[in-house]
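Work through these exercises with the model open. Each task is followed by a stepwise solution.

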Amino acid sequence: MSTAAPLDAADPLAHFRERFVGAESDLVYFDGNSLGRPVAATAGRLGAFVRDDWGGRLIRGWDEQWMELPTRLGDDLGRICLGAAPGQTAIGDSTTVWLYKLIRAAVDHVVRTDPARTEIVIDTDNFPTDRYVAEGIAAERGLTLRWIEVETSAGVTADQLREAVGERTALVVLCHVAYRAAWLADAPELTRIAHDAGALVLWDLCHSAGSVPVALDGWDADLAVGCTYKYLNGGPGSPAFGYVNARLQADLTQPIQGWMGHADPFLMGPGYAPAKGMRRFISGTPPILGMVAMQSMLELVEEAGIEAIRAKSVALTSYAVELADTTLPAVTLASPRDPAQRGGHVTLHHDRMRAVTARLWERDVIPDYRDPGGLRIGLSPLSTSFDEVERGLEAVATALRETS
Ligand SMILES: Cc1ncc(COP(=O)(O)O)c(C=O)c1O
Ligand SMILES: Nc1ccccc1C(=O)C[C@H](N)C(=O)O
């Protein structure tokens with residue numbers, strides 16, 4: 001007998017599912033944490049953009065609305081998902097490029113004021129691009145990386161961070177939700193520890209934006225980055241966001257000083273002078289077309305409310321854990337059991353999960369696989385039903401049996 005049906009019947013957000021493309025099919029989608037489904041309204045919105053905004057307004061569109069879109073949409077994202085007051089968030093570039101710009105800006109500023117601060121603290125299980133960018137900047141600026149060793153099923157604890165930071169720390173780079181295990185960091189506490197040591201902190205919010213409530217201003221975070229193609233459903237390669245706390249903006253010099261971050265881009269003058277506020281962190285022409293789809297999702301997130309989305313996310317991941325416990329005895333949970341310490345996905349470990357994932361994809365059950373042995377079940381709260389979780393985990397049990 002289905003245990004999902006009563007959960008779907010009682011779910012106050014269940015009706016949002018029909019507002020996504022493909023939700024009516026039998027496909028089980030467990031990868032909204034890599035690429036969210038399109039919102040149904042997006043097709044019409046893209047068509048209208050091509051016809052009316054781009055096709056109708058042509059170059060006038062820049063003056064009329066596109067120049068301001070990166071910061072206007074950034075403010076919307078800040079209000080709806082990030083706990084960020086206006087003027088601190090902008091959209092554009094990729095997460096990787098934002099990481100480069102903000103890490104460089106931060107370490108250059110700290111080293112200018114205190115040359116003894118020559119270390120960037122980062123954990124071994126941080127997302128590859130974060131580690132690679134930090135490594136490159138350390139080489140470029142003659143800095144050292146101080147690594148916090150983290151198990152692939154865990155995240156950075158307060159004690160570990162306390163031990164790693166000190167008088168030499170310039171910047172701490174952390175993920176709010178770990179991409180492998182979904183470990184949810186205690187962001188206010190870790191931010192406080194970094195600040196007590198005199199360091200700045202940058203939060204990567206890729207796996208939390210749109211799924212787990214974030215309070216950047218409340219945490220007193222310094223910097224943050226994140227992508228919009230996961231829980232913000234902006235589409236493949238949609239532009240990322242960057243956040244710089246207002247108290248720091250005037251002190252930071254970003255390394256890719258292009259004309260769109262200039263105080264007066266159309267002056268086209270001989271030298272660079274940064275714009276005031278968040279605008280100075282923009283480099284080149286903003287990817288306007290790439291910002292269309294995420295607007296549909298931001299409207300849904302605002303309508304549902306991020307706290308209600310988190311409540312459903314906790315219910316979905318708890319249900320997946322319960323089903324794994326009862327129906328998959330050979331599998332171990334690689335994510336925290338306590339939902340308060342878990343983000344929006346669940347990772348199940350078994351040595352055969354790579355083969356299991358390949359078999360599931362052939363059957364229209366789409367999780368993803370992350371080494372070592374992790375089947376990642378991403379549960380995008382507004383587009384995933386409990387029934388989908390139940391059918392998906394039944395398919396995992398079958399695939400595990402078949403691959404034995
Ligand atoms: C935590 C984290 N940081 C960064 C990225 C990727 O950055 P980019 O969008 O630049 O590929 C991802 C996912 O792709 C991620 O999960
Ligand atoms: N951007 C992508 C492009 C292709 C395939 C996956 C991704 C992901 O986003 C992976 C994700 N960041 C992860 O946590 O593994």
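**Exercise 1.** How many Å separate an oxygen atom of ligand 1 from an N or O atom in the side chain of His207?

*Solution.* The model is predicted. Start at the side chain of His207: one of its N or O atoms is 3.0 Å from an oxygen atom of ligand 1. Turn to Asp204, where a side-chain N or O atom lies 2.7 Å from a nitrogen atom of ligand 1. Then check the backbone: a polar backbone atom of Thr95 is 3.4 Å from an oxygen atom of ligand 1. Finish with area. Ligand 1 alone exposes 400 Å², and the protein buries 84% of that.

**Exercise 2.** Find which elements give two or more residues to the shell around ligand 1.

*Solution.* List the shell; among its residues are Ser94, Thr95, Thr96, Thr129 and Asp130. Map the shell to elements: α5 (95-113) and α6 (128-141) each give two or more residues. Sort the shell by class: four residues are nonpolar, five polar and three charged. Locate the site: ligand 1 sits in the largest pocket.

**Exercise 3.** Identify the side chains that make polar contacts with ligand 2, including that of Lys230.

*Solution.* Take Lys230: an N or O atom of its side chain is 2.5 Å from a nitrogen atom of ligand 2. Next, Arg370 places a polar side-chain atom 2.8 Å from an oxygen atom of ligand 2. The side chain of Arg376 has an N or O atom 2.8 Å from an oxygen atom of ligand 2. Now the area: ligand 2 alone exposes 370 Å², of which the protein buries 61%. Ligand 2 sits in the largest pocket. Its shell holds three nonpolar, two polar and three charged residues.

Note on methods. Residues numbered from 1 in each chain as written. Chains lettered and ligands numbered in written order. Predicted model: local features only at pLDDT ≥ 70, side-chain atom pairs only at ≥ 80, totals over all residues. Heavy atoms only, no water. Near = heavy atom within 4 Å. Polar contact = N/O pair within 3.5 Å; in protein donor to acceptor, adjacent residues only side chain to side chain. Areas by Shrake-Rupley, 256 points an atom, 1.4 Å probe, with all protein chains shown as cover. 1 Å grid on protein atoms, 1.4 Å probe; cavity = no way out; pocket = protein on both sides within 12 Å on 5 of 7 lines; lining within 4 Å. Sits in = over half its atoms within 2 Å of the grid points. Helix = DSSP H or I, 4+ residues; strand = E, 2+ residues; numbered from the N terminus. Nonpolar A, V, L, I, M, F, W, Y, C, P; charged D, E, K, R; others polar.
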